[in-house]
Structure formats: C-alpha cells, structure tokens
There are 2 protein chains.
Amino acid sequence: MAAPERISGVLSPVVTPFEGNLRPDPDSLVQHCRWLLSQNVGLAVFGTNSEANSLSVEEKISLLDHLADAGIEPSRLMPGTGHCALTDTVKLTTHAVNLGCAGVLMLPPFYYKEVSDEGLFASFAEVIERVGSDELRIYLYHIPPIAHVGISPDLVERLASHYPQTVVGIKDSSGDWNNTNALLQLGLEDFRVFAGSEGFLLQNMRSGGAGCVSATANVNPAAIHQLYADWQSPSADALQQELDQIRGIVAKYPMIPALKAIVADFTRDPRWAIVRPPLVALTDDQKSALLKELRQSNFDMSALID
Amino acid sequence: MAAPERISGVLSPVVTPFEGNLRPDPDSLVQHCRWLLSQNVGLAVFGTNSEANSLSVEEKISLLDHLADAGIEPSRLMPGTGHCALTDTVKLTTHAVNLGCAGVLMLPPFYYKEVSDEGLFASFAEVIERVGSDELRIYLYHIPPIAHVGISPDLVERLASHYPQTVVGIKDSSGDWNNTNALLQLGLEDFRVFAGSEGFLLQNMRSGGAGCVSATANVNPAAIHQLYADWQSPSADALQQELDQIRGIVAKYPMIPALKAIVADFTRDPRWAIVRPPLVALTDDQKSALLKELRQSNFDMSALID
C-alpha cells in the first residue's frame, strides 16, 4: 500500500441518511458519495454535519466497510474518527487506516473541558502510538463552537513537529479568520490548512491554504469546487460572493436538517430529511421557505439531479 | 426481578483505576466500591469523575459485569449510561437494566449544542422506548458546566410526567442552587433530586431533596453520609461546614487527578494516580501540597484505610 498523498481541495462532511427506524442507510450514503465525487468533492464522512457524533463506533465501521465494498475510492475518504474515549478513537482510526483512507479528521476528546495542551498532546500521541501505522495521516479538527475543546496553534505546531509524517493538516471551524491565518503562518512544511466553510475559501487559498471542508458542499459542490479550481482567476471574488449568498440562505436554518431537507428534495426521497435525536427535522413551513428562497436565488437546483 | 426501589442517600461517582497501559483495573475498582459501600455510599459508577467519558461502551460493560460477578449489590449501583450516540446509550442502559441496577444516571447527548428541548425529549424518549423495560429507572444528569447541554426544569417536568415510573430523579450539577430549588418546586411525585456536590447537601435535604452524588464522596464518604443521616440534628450546620472545608481543599486542584492522588496515597497503590488523557495527573508538588493541607485540616485520613 502506497503512503497516502496529502489531501487538498473541497471536501464535504457527508450527511448520513437514516431509515425510518433511525438506522443508517448505507446504500443511500453510497449514492450521495458517488454524486459528490462526480462533482469533484472529497468525502469527509463522519463529520459534525454527518451526525457522526450520534453514531456508535460500530455503526461507523459498518458504513465505512460498505463504502469500501461499493468501490468508493479510499484516497477520497477523510472520515472523522475522534471520540471522547481514547479506545473508540483508536478503534475507528485503525479501521480507517486499514481500509486505506487518505486521512482521518480527528476531533480532540471533547467531554472534559478546560483540559491542558499537555493533556491533549498526550491524547493525540497515545492514539498515534496505538494505531502505530506509517499510513496514518491525521487532519486535526478544530471546532470550538461545538466541541468546546479547541486545538490551539501552539498545540498544532507541537503535534506537527513531533509527528511530521502523521499530523499533516487541520480543518479550522473556529469561524475566526485570525485563527486560520495563525495556522497558515506557523510555516509547517506542506501542512494542509482547510477552512471550515467555503465562506473563507478564497481567503484561505490566497494565503496558502489547501481548500475547505464545508457542510454546504453537500448541496452546492460544483460551485464550491469551481472557486477552488479558479481561485486565481479574475472571477474569483464574484464566485465567492455567489457562494456566500447560497450559504447565507441555508444558514438561516439549523444546518444539518436544512441540508437534509434539500437533499430529500432533489433526490425525491423524503427519508433523507430524517435526523437522529437530539436534532429535529425542519417543519414543513421551514422546508418550503428554504427551498423557495434557494430557487429564487442563483442556486442551480438542476445541478443537483443525478 | 422486583422493580427497583427509588434511590436516596449519598452516592459517589466512583473513580476508575487504570493499569500502566491505561486499561481499566477491575479488581481495584471492586475494592474501592466495597469500601464505599462499607461507608454507606452508593455507587454512581461511570460518572463524570469516573472518567467515564474516556471509556468505550465495551469497557464500561466489561467493568459492570466484573462488579456484578464480584457480588456488588446491583441495588446500590447507578451507572452513568448517557452518550452522544443514541445507540451507545441504549446499549449500555439495556445492559445495566439486565444486571438489575437500581437506576442509571443519564447525560443528554452532549456533542451537538443549542439543541431544543423537543430534540432532547425525543432523544430520552427514544432511549426509553428502545430499552423497553419496566425495570428502567432514569436519573437525569444535568451538568451544564461540562456537558454544555443542559436539561431544563421544563424538560424534566415533561419527561417525568410522560414517563412517571421511568424518569424518577435528577442529579443537578449546575452549581446553581436556584436551579436545584426549581427542580424541587416542580412538585413531581416522589421525584428524587440529588445535589451534584455535598456543598448543597444540607440545603437540598431541608428542601425535600434525596441526597447528593458527589465526587469527594470517593475520599470523604463517612462524613458526607453522616450529614445525610443527621441533617435534622442540631450539629448539621457544623457538619456542613466541615464538609465544605475539605471540599475546598480538594477543589484547589483538578478534581479527578486530586481524588486519584488521595486514593493512591491511602491505598498505597501509586497506580491509582493514573488518569487517561486528556486529563493529566497532579505533579509531585501538587500532590504533596494537597496531602499536606488535608492532613492539617480536620480530614480524618485514618478513616480511609481499609
């Protein structure tokens, strides 16, 4: 097995489809993944917007196996594997590495708060040592608005310096450009900094970033990838503005239920709207208003049809 | 199997011992549990202070089985069973019920933030329906400083009214007496309100509460139980002050490492000081200072010897 290439581009935290009994629906997941790949978007399955934290390790392993069995190219996979429990993180990360995934997106353990950088370093180090594979590529996942446990630039530098072939990037979902910029300014060799949404995509590319991992790439992948590909073109600022407009419409609603309502609409499969508790699906009124506003915008719904 | 009695009294979120390889040490756990029971303290194993959120479901099931096999009375067990993932919560809760545990202490799913009461109600309801047992007794676990997802008095009322034989109590670790009092004022029949520390024990008992579930009961169980037993005696206020003094000393340090340092000292087993990342053990200086201050206080270290 060749060592995985470092990842760049646009990735989507792939929304996870459920059956009526709240069981994950692996076939619909494969279908959505194939469509995202056809739009040049990579697969950050088991991200925050995948409701990954509402799934057990076993459910995630089963889905990952299903994706691999269906022929989804592991070089396009960056599954989220960070859990509260060390042993859970090691288990899912090991499985992802054994399947040949290009990388994993790793949350810090997020239950205990106000933990020290020393403790977080020990946590990541313990995972790396236990997985014990030259093929492991970790993209750190900094999302303080939700995890409430962050990964400071100091800690990033320490981890990447200590494990330069393993800790190779970060997704910054702080929503704070200054933090993303601080990560870019660390000057770590070939370290891949992903913006946590397409809202910072152009700024990130202009500053030496690697792309973005964005929830809305589930529904607007082609346009986001276009900006990634054309960031040096004269039309880049206009493209960014168009992306911002679409994102602004979706962001008026709870993100995950909104994304699933859109996917349910364009796949004509209402089961896509199902979310696991504690999330709640959009009401019919919310869904109608969201879809109406998207149709009235420059959002190309026709691109969504398989 | 007789329906479990509702729980009252003092319980300890039992600290979890690890081997040098960070594996849980079931025999040391049994030993500590037996000692706590001998001090009239019940066993809220897998609480926050048990580092339960750093353990996988499988590790907790294995420990619970070990406790049962060792003859620990299930009527004294209130294991924490709430996880981020619905399926994890269902799995561990079902296991606890099948072992005959008197109740479970249930965190809400705590990864996704700013979730609605509607979503949290659906989450608890889904767990209850899936476990599907008349023997299930849930004590809700409200700990907003750490979980960052709370359980409002409105939600408590809604759950207890909808499932009066199942949702039978709450541990309030908000640190806010007004919230505890609001729970007591709901007027739910035979609903057991536990203070989240012995700091509110006397106030809670005087207001109709059921006791407390307190971290420091790991090291100061007899005195805390004494206040629970004697809360109506003239000496109650003085007892409360003594408890507060001891807690104040321990609380100068990170709670879990401090508790484990004390247990390591009194059991003369240094392995007790081991914590799982992201936590960090006390430094030697911290440990010495903590133990010195405890010895100079009215804390009866001799009571700690088995």
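The following exchange covers a predicted model, taking up the contact between chain B and chain A and a sheet in chain A.

Colleague: How do you know that chain B and chain A are in contact, and how many residues take part?

Modeller: Contact requires heavy atoms within 4.5 Å. The contact takes 43 residues from chain B and 43 residues from chain A.

Colleague: What makes up the area that chain B and chain A bury between them?

Modeller: The buried area is about 3200 Å², with 64% of it on carbon and sulfur atoms. On the chain B side, B:Tyr111, B:Tyr112 and B:Pro278 supply 25% of the area buried against chain A, more than any other three residues.

Colleague: How many salt bridges and how many residue pairs in polar contact are there between chain B and chain A?

Modeller: The count of salt bridges is 0. A polar contact is a pair of N or O atoms within 3.5 Å, and 18 residue pairs across the interface are found in polar contact. Among the elements on the side of chain B that touches chain A is helix H4 (117-131); H4(B) gives the largest share, 7 residues. That side divides into 23 nonpolar, 11 polar and 9 charged residues.

Colleague: Why are S2 and S3 of chain A called edge strands?

Modeller: The open sheet of 7 strands has the order S2-S1-S7-S6-S5-S4-S3. Strand S2 (42-43) and strand S3 (104-106) of chain A each pair on one side only.

Colleague: How do you know that S1 and S2 of chain A pair?

Modeller: Pairing takes at least two bridges. S1(A) and S2(A) have 2 bridges, in the parallel sense, so they count as paired. A:Ser12 stands opposite A:Leu43 in S2(A).

How values were computed:
Residues are numbered from 1 along each chain as its sequence is written. Chains are lettered from A and ligands numbered from 1 in the order in which they are written. This is a predicted model: local features need pLDDT of at least 70, side-chain atom pairs count only at pLDDT 80 or more; totals for chains, interfaces and linings use all residues. Side-chain values use heavy atoms; hydrogens and water are left out. Buried area is the accessible area (1.4 Å probe) that two parts lose on being put together, summed over both. A salt bridge is a side-chain nitrogen of Lys or Arg within 4 Å of a carboxyl oxygen of Asp or Glu. A polar contact is a pair of N or O atoms within 3.5 Å; within protein, one must be able to donate a hydrogen and the other to accept it, and residues adjacent in sequence count only if both atoms are side-chain atoms. Helices (H or I, at least four residues) and strands (E, at least two) are DSSP runs, numbered from the N terminus. Ala, Val, Leu, Ile, Met, Phe, Trp, Tyr, Cys and Pro count as nonpolar, Asp, Glu, Lys and Arg as charged, and the others, Gly among them, as polar.
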